[in-house]
Each structure stands twice: as C-alpha cells, then as structure tokens.
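Reader: I have a chain to go through and some questions about its fold. Can we take them one by one?

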Amino acid sequence: SVSQKAGEYGIRQRVESLLQPGDVIITRHDDALSNWFLPGFWPHGALYMGTEQQRRDLGLRLEPNHSQKALDPFSVLEAKKDGVLFRPLTETLHVDACTVLRPRMEDHERAEGLSRAATHEGKLYDFSFDFTRADRLVCTEVVYRAFHGVGPIHFGLRRHAGRLGLSPEDVLDTAVDSDLFDVCCVYGVEGNNWIEGPNARGALIDSYRAAPAAR
C-alpha cells in the first residue's frame, strides 16, 4: 500500500506534504471486495480537512463537537462502512493507488465547503447509494455535500444502477474535463511511479479511460 511503501519510497510523506484543506483524495485498493461492485478503476474518495494548523491558517473554525474529533492526526473526513468519520491520513492512504484533486476556489469558499462537510460527521454509511437523502452518505457524497454549489464547483449527478449519484470516476471526470480542479499528483497507475505537475492530469486520464489491457 501507499502507507506500507512510505518507508521505502516516501510516498505517504510526499502526499502529506502537498495536501491542503479541501483536497479530494481518490484511491484504489487492489484487494478491496468493493472493487467488484463499484464502477471503474478508482472506487473510493475522501476529503482532506487539514491539520489543526492548516485550518487555523485558512480561518476555518469547526463547531466544538467536530473540532474535538478532528484533532491531529485525524485530518480526513471519510465515509466507509462504519460511517462518516474523521480518520488519520495513514488510514486513508492504506491503498495501492491514489490521486489528489484540488478545487480551484477562494480560501473563504474552501472554508465554507469544509464547514459544510463537517456537519455530516458521525452519520451512517449509505449502502443504498441514494443521493436524495443526506442522513446517510457514501464516500463521494462527502465531497458532493461539501462543495456542490460553493463558488464555481458544480457536480452533475449521473445514473448508476438506476439511481442518480456521483461515483469517484464522475468526480475525476469533473476534474479532468473542466478547469474546476487541479490534478496535484498520481501514484500507483504506472507501476510505483510518482507523477506530479503537468504530467499528472494525463496520467490520471490514462489510468481509467484507457483500454483495460493497457492498464
């Protein structure tokens, strides 16, 4: 995983060093059972809330009940089968591939989105993948509820298995087909290569839009 390889390649540290509050982390775990029923190469997403110092620098003040749960190192808001919880980055990056997307928005817009996202902490996971309800959330719905309609960000829901929703690769489509997000880095799609900067967007596109035999 990215975390396991951190000692050898410094990958986790490289991801951590570039992350900013509001970054969207899209991941893949090669052995995850969810790969069988979630569409695409990239099946999971999480929202980086930032360290305590990063949130202070952004001017973001979470409600006390949420700020007490987002103490370092719990810097990621992520929906998994045990619910929507603040989690340490090491847990989020216990994967085989990851990419980081950065929304292009003003600091106050970013803070607004993160404040919105935090209100969903503690909710149950939505095994029905129903975006018409907000009392239970799937992984990408954390990102959707945070940023949809904030500043320039708009996500178009698509029909999956008869329901309107937003898959991780729908989020990627929004990022690579618009100027709403920067692709900061990609890891794990071309062997153990770390790709950052201008080449990251192209590598990300190839990772999930190329023919399966080419992956």
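Author: Start with a definition: two strands pair if DSSP finds at least two bridges between them. Keep in mind that this is a predicted model.

Reader: How many bridges join strand β2 to strand β3?

Author: Strand β2 covers residues 44-48, and strand β3 covers residues 74-80. They run antiparallel. One bridge partner of Tyr 48 is found in β3, namely Val 76. The number of bridges joining β2 to β3 is 2.

Reader: Which strands are at the edges of the sheet?

Author: The sheet is open and has 7 strands, with antiparallel pairing. Their order is β4-β3-β2-β1-β5-β10-β11. An edge strand pairs on one side only. That leaves β4 (83-88) and β11 (194-196).

Reader: What is the average twist from one strand to the next?

Author: Take the sheet in its order, β4-β3-β2-β1-β5-β10-β11. From one strand to the next, the twist averages 25°.

Reader: What angle does helix α7 make with β2?

Author: Helix α7 packs on the sheet. It touches β1 (24-28), β2, β3, β4 and β5 (97-103). Its direction makes an angle with that of β2 of about 40°.

Reader: And α9: what angle does its direction make with that of β10?

Author: Helix α9 spans residues 200-209 and also packs on the sheet. It touches β5, β10 (181-187) and β11. The angle with β10 is about 70°.

Reader: Which helix gives the most to the largest nonpolar core?

Author: That core has 48 residues. Among those touching the most other members are Trp 42, Met 49, Phe 147 and Leu 204. With 5 residues, the helix giving the most is α7 (residues 139-147).

Reader: How many residues are in the second core?

Author: The second core is separate. It includes Leu 18, Ile 25, Leu 93 and Val 95. Its residue count is 17.

Reader: Which valines is Leu 204 in contact with, leaving aside neighbours within four places in sequence?

Author: Leu 204 is in contact with Trp 42, Thr 99, Leu 101 and Leu 172. The contacts also include the valines Val 176, Val 183 and Val 186.

Reader: Why is Cys 185 too far from Cys 98 for a bond?

Author: A disulfide needs two cysteine sulfur atoms within 2.5 Å. Cys 185 is buried, with a relative accessible area of 0%, and Cys 98 is buried at 0% as well. The closest cysteine sulfur to that of Cys 185 is in Cys 98, and the pair is too far apart for a bond because the distance is 5.5 Å.

Reader: How many disulfides does the count come to?

Author: Cys 98 is in no disulfide. The count comes to 0.

Methods. Residues numbered from 1 in each chain as written. Predicted model: local features only at pLDDT ≥ 70, side-chain atom pairs only at ≥ 80, totals over all residues. Heavy atoms only, no water. Buried < 20%, exposed > 50% of the residue type's maximum accessible area, 1.4 Å probe, protein only. Core = buried A, V, L, I, M, F, W, Y, C linked by side-chain atoms within 4.5 Å. Helix = DSSP H or I, 4+ residues; strand = E, 2+ residues; numbered from the N terminus. Contact = heavy atoms within 4.5 Å. Axes fitted to C-alpha atoms, helices over the stretch in contact; angles between N-to-C directions.
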